[in-house]
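User: Hi! I would like to learn how to read a ligand site, a sheet and the empty spaces in a model. Could you walk me through one?

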Amino acid sequence: MEASEKPPIGVIGVGWVGLVTGACFAEVGHPVVAVDIDAGKIEALRSGAPLPIHEPGLPELVERNRERLTFTTEMDEVLAASRLLFCCVDTPPTYSGDADLSRVDAVVAALPDGAEHALVMKSTVPAGTGATIRRSHPDLVYVSCPEFLKEGSAVSDFLEPDRVVVGADPGSEWAADAVAAAYEPLGGELVRTDVASAEMIKLASNAFLATKISFINEIANVCEGVGADVNEVARGMGLDGRIGPHFLQAGIGYGGSCFPKDVSALKMLAGNTGYHFQLLNSVIEVNELQKRRVISKLTKHLGSLVGKRVALLGLAFKPNTDDMREASSLVLSARLQGEGATVVAYDPVAEGPAGAMLPSVELSVSAAGALTGADAAILVTEWPEFAELDWEELAGLMSNPLIVDGRNFLDPERLRGAGFSYEGIGRG
Ligand code: UDX
């Protein structure tokens, strides 16, 4: 089949997931019509202005596929163009920790009656959401197709998936077949299942990965007590095929728009069904405490932090993104200021979000600028450029060359050789 002959695809919600989904389906040959209620965002996408998010490879993908990508604020345009409607709106946490489904509900309310279209749910929703939607809209054709992409490597994750999960219940088979066919050229094992199981696969996967991180962070904390190096421990553990090497990087906790929200949503979902998910309580608590442990590493060297100047290197929740949602930097800067310190920060790309989310933090345009006159530095995000810094020179710029490497990213010997007092996470 010629690339241009592929069936059209509708995308609802042009956030991180929606934009990547649309651009990637266009890349493999589908005409894509993507709708969003944010007229400013749609106008910017149409005009070729810089993308609203920092995601490697995405600007090139959008440019290359302009002909196949239509951006609109009109739902009717999407409905006219495509039977498959990929729902990519966000489902942020509510105050109770449950997922806020108001945007999903608004999408469902905007759909016409009948079985002409299928709603393909990519937004992360609690297990049971598909069943609830179909109870109130019995004719709706519904497919659960959770998204597993990671920010920072979203394009390659989408185009080379480990697995593709397609959940459908009786009556929605044609749409599940169409979704499976759209993904088929991308490879990856197809998991064809029911809607509730597909919804659970997404939540359980994220909760398990978060559990791995909190587990290795607790191992790191024990390593500090016994003089072991958590990087060595993780290496030795990860070689066991049953454990695997991934997500065993100790640090100052996980963040982002998914893990904190999805772990909490799964905990609440379990609670709402009468089950107390004890393990997830600990996963969440360990993560919160891990962000704060940095403070005691500083006070060990500096005593009181009142009047001290502390530099944060990196603000984004991980490298290669400007996303600061639930980033460890938010808790850390607030705790430091609470202890009386002045906080200065540098991030290679998150300056925009940082200005809005951390108004009381001084933002610097370079690592050297942030470190000048500082009493301590904390590496919060493992941006590759931090490995290349001239640490000898930077030590000379600081009032006191102390670094807490919150991601175990730097070479302790090199830093000590450059004149730093080095503190990692669980490194003996
Ligand atoms: C995650 C899931 O990986 C993805 O499948 C899902 O679709 C969305 O949620 P993302 O939030 O983009 O993706 O980030 P990810 O790369 O998974 O990292 C999440 C957080 O965990 C980051 O703050 C990262 O620093 C932290 N992390 C990750 C660790 O602290 N240690 C690790 O070993 C791995």
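Analyst: Happy to. Let's begin at the ligand, where one of its oxygen atoms sits 2.7 Å from a polar backbone atom of Phe148. Please keep in mind that this is a predicted model.

User: Which other residues place a polar atom by an oxygen atom of the ligand?

Analyst: Gly255 is one of them, with a polar backbone atom 3.0 Å from a ligand oxygen. Lys318 uses its side chain instead: a polar atom there lies 2.8 Å from an oxygen of the ligand. As for cover, the ligand taken alone exposes 670 Å², and the protein buries 91% of that.

User: How many residues surround the ligand, and of what classes are they?

Analyst: The shell holds 18 residues, and the closest are Phe148, Leu149, Glu151, Gln249 and Lys318. By class, 9 are nonpolar, 3 polar and 6 charged. Helix α9, residues 195–226, gives the most to this shell, with 3 residues.

User: Now the sheet. How do I read its strand order?

Analyst: Read the names from one edge to the other. Here the open sheet has 6 strands in the order β11-β10-β9-β12-β13-β14, and the pairing is parallel. Strands β11 (362–363) and β14 (421–423) stand at the edges with a single partner strand each, so one side of each has no neighbour in the sheet.

User: What does the pairing of β9 with β12 look like?

Analyst: Strand β9 (residues 309–313) runs parallel to strand β12 (residues 376–379), and 4 bridges link the pair. To find the register in your viewer, start from Val310, which stands opposite Ala376 in β12.

User: Next, empty space. What is the general idea?

Analyst: A probe the size of a water molecule is rolled over the atoms, and this shows where empty space is left. For enclosed space in this model, the count comes to 2 cavities of 30 Å³ or more.

User: What lines the largest cavity?

Analyst: Its volume is about 40 Å³. The lining is made of Met121, Ser123, Thr124, Val125, Ser144, Pro146, Glu199 and Lys202. That gives 3 nonpolar, 3 polar and 2 charged residues.

User: And which element gives the most to the lining of the second largest cavity?

Analyst: That is α11, with 3 residues. This cavity holds about 30 Å³, and its lining consists of Thr91, Ala99, Thr124, Val125, Pro126, Leu203, Lys261, Asp262 and Ala265. Sorted by class, 5 are nonpolar, 2 polar and 2 charged.

User: Turning to open space, what should I know about the second largest pocket?

Analyst: About 210 Å³ of space lies in the second largest pocket. Its lining has 15 residues, of which Pro260, Lys261, Ser264, Ile284 and Glu326 are the closest to the pocket centre. Two elements, α11 (259–272) and α12 (278–302), each give two or more residues to the lining. The classes there are 6 nonpolar, 5 polar and 4 charged. Lys261 is worth selecting in your viewer: this residue lines the second largest cavity and is also listed for the second largest pocket.

User: One last feature: what can I look at where helix α2 starts, and what follows α2?

Analyst: At the start of α2 (residues 39–47), check the side chain of Asp38: one of its oxygens reaches to within 3.1 Å of the backbone nitrogen of Gly40. After the helix comes Gly48, whose phi is positive, near 80°.

Definitions and conventions
Residues are numbered from 1 along each chain as its sequence is written. This is a predicted model: local features need pLDDT of at least 70, side-chain atom pairs count only at pLDDT 80 or more; totals for chains, interfaces and linings use all residues. Side-chain values use heavy atoms; hydrogens and water are left out. On a 1 Å grid over the protein atoms alone, a cavity is a set of points where a 1.4 Å probe fits but cannot get out, and a pocket is an open set with protein on both sides within 12 Å along at least five of seven lines; lining residues have an atom within 4 Å of a point. Grid points are joined across faces, edges and corners, and a volume is the space filled by probe spheres set on the points. Ala, Val, Leu, Ile, Met, Phe, Trp, Tyr, Cys and Pro count as nonpolar, Asp, Glu, Lys and Arg as charged, and the others, Gly among them, as polar. A residue is near a molecule or strand if one of its heavy atoms lies within 4 Å of it. A polar contact is a pair of N or O atoms within 3.5 Å; within protein, one must be able to donate a hydrogen and the other to accept it, and residues adjacent in sequence count only if both atoms are side-chain atoms. Accessible areas come from the Shrake-Rupley method with a 1.4 Å probe; for residues, only the protein chains shown count as cover. Two strands pair if DSSP finds at least two bridges between them.
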